[in-house]
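Please open the structure in your viewer with a cartoon view and residue labels at hand, and take the selections below in the order in which they come.

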Amino acid sequence: MEMRIREVNLKKVRAAVIGSGLIAGKKHIPAFQRLSHKIELVAICDLNLTAAKDVAVRFGIPKTYSDVTEMLESEKPELVDICTPPQTHTRLAIEAMRHGCHVLIEKPMALTADDCDQIVRAEKEYGVKVCVGHSDLFYEPFMKARRMVENGAIGKVRGMRIFLSTPTTYMTSRSDHWAHRLPGGVIGETGPHIVYMTLAFIPQIRAVSVNALKVMNEYPWSSFEDYRINLIGDNAISSATVVYTSDEWAAKVEVLGDKGFLMMDLESMNVVRYRRTELKPVPVGLSLLRESGQLLGAFVSNAIRVATKKVRSTHEIIISQFADSILSGSAPPVSAEEGREAVRVLNMVVESIEGEYAIKTA
């Protein structure tokens, strides 16, 4: 029995990547390489075969293809990672599932809820697994915060606030970036993050409100560069600020409960629990000491992880967990239904931007 269990654990998942752009080369493929003990990356496919070959040479990927069907039939991967623009996700995911492959889909899952429904139906029809790349859920502080909330650390969730800043040069200033062709423009690329992070704590979003501002006229292809978005649930609201107007990266999330609140800095990898029920000098001073201690503890913990090379990217964590779910037959870390719900809410945001907001500013 021990021998048989060991053989199962040593089995590797055969994987292939579709798409050789920035997200594949910067995030997904390096994660696969770090997981080589459980995943064998056998091929990459891109309509631009030259681009695929360049990436294959850089990362030592054995085979390259420009035709998806040919790759699927020749390589017979068990896991297909889709790293292409969202408008192609539904077609590629269904084609991979038709060949018996489990599918990892970079966010957003698709452009519309109807497209997501096609993927959900195909997942059931072909008996495979779908995982959606909601990578920010797998930042260490975010995972810790979810555990804390589940354990009652801040009581009932009463609201959220999210702040994301993406440097102008990442998408906004690039007229040829595919995000500008999405419904809603660049918010269609970043928006999924604020939606699925909100859904982790406020599971039912009933309505949205959006204010958007065009502030950088030197980039006429960019619809807006500053967004204020409210995602309204039954008993709580998540307020998100999403900006593309500076050279700064920022990703901060706050979760307010009726017995405290959490503040996460996803990039410096810390989460701090605040508790201030009085504004007198002594209680505030003690609160500051507790908060400083938590920050110091996070600094030490992060320093040890860096020194021991145990820092894992969010993509590495989600891909690792998905591979484990394939090998063990367990549920994927982010289900197709979760991906579908995030797209439904994002569509509400986009409709508000392109409909109601456009009318108000006309």
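## The seven-stranded sheet

Begin by selecting β11 and β12, two strands that run antiparallel and are joined by six bridges. Keep in mind throughout that this is a predicted model. The connection from β11 to β12 is a hairpin through two residues, and if you label V253 you will find that its bridge partner in β12 is M264. Now add β7, which pairs with β11 in the antiparallel sense over eight bridges; on this side of β11, E254 is the residue that stands opposite R161.

Extend the selection to the whole sheet, which is open, has mixed pairing and is formed by seven strands in the order β8-β9-β10-β7-β11-β12-β13. Its edges are β8 (205-213) and β13 (270-274), and because each has a single partner strand, one side of each is left without a neighbour in the sheet. Averaged over the sheet and ignoring direction, neighbouring strands are turned by 10° against each other.

Within this sheet, select β9 (residues 226-233) and β10 (residues 237-243), which are antiparallel and joined by seven bridges; here R228 stands opposite T241 in β10. Next, show the helices that pack on the sheet, beginning with α7 (residues 140-150), which touches β7 (157-165), β11 (250-257), β12 (260-265) and β13, and whose direction makes about 165° with that of β12. Helix α8 (residues 187-199) also packs on the sheet, where it touches β7, β8, β9, β10 and β11, and its direction makes about 155° with that of β7.

Before leaving this region, select M269 in the loop between β12 and β13: this residue has a positive phi of about 60° although it is not a glycine.

## The six-stranded sheet

Move now to the open sheet of six strands, in which the order is β3-β2-β1-β4-β5-β6 and the pairing is parallel. β3 (63-65) and β6 stand at its edges, and since each has a single partner strand, one side of each is left without a neighbour in the sheet. Neighbouring strands of this sheet are turned by 25° against each other on average, direction ignored.

For a closer view, select β5 and β6, whose parallel pairing runs over four bridges, and label L104, which stands opposite C131 in β6. Then add helix α10 (residues 314-328), which packs on the sheet and touches β1, β2 (39-45), β4, β5 and β6, with a direction that makes about 160° with that of β5.

## An enclosed helix

Which residues of α5 are buried? Select H89, T90, L92, A93, E95, A96 and M97, which are the buried residues of this helix. Because these make up seven of the 10 residues of α5 (residues 89-98), the helix is largely enclosed by the rest of the structure. To see what covers them, show β1 (13-18), α4 (68-75), β4 (79-82), β5 (102-106), α6 (113-126) and β6 (130-133), which are included in that cover. Just after α5, stop at G100, which takes a positive phi of about 85°.

From α4, follow the chain into the loop that leads to β4, where K76 is found. Phi of K76 is near 50°, a positive value in a residue other than glycine, and the residue counts as exposed because its relative accessibility is 58%, above the 50% cut-off.

## A cis peptide bond and the cavity

Select P108 in the loop between β5 and α6, and look at the peptide bond that joins K107 to P108, which is cis with omega about -10°.

P108 is also one of the residues that line the largest cavity, so keep it displayed and add A110, L111, L182, P183, G188, V343, L346, N347 and V350. The structure holds one cavity of 30 Å³ or more, and the volume of the largest cavity is about 80 Å³. Helix α11 (residues 336-361) gives the most to this lining, with four residues. What is the character of the residues in the lining of the largest cavity, nonpolar, polar or charged? Colouring them by type should show eight nonpolar residues, two polar and no charged.

How values were computed
Residues numbered from 1 in each chain as written. Predicted model: local features only at pLDDT ≥ 70, side-chain atom pairs only at ≥ 80, totals over all residues. Heavy atoms only, no water. 1 Å grid on protein atoms, 1.4 Å probe; cavity = no way out; pocket = protein on both sides within 12 Å on 5 of 7 lines; lining within 4 Å. Points joined across faces, edges and corners; volume = space filled by probe spheres on them. Nonpolar A, V, L, I, M, F, W, Y, C, P; charged D, E, K, R; others polar. Buried < 20%, exposed > 50% of the residue type's maximum accessible area, 1.4 Å probe, protein only. Contact = heavy atoms within 4.5 Å. Pairing = 2+ DSSP bridges. Axes fitted to C-alpha atoms, helices over the stretch in contact; angles between N-to-C directions.
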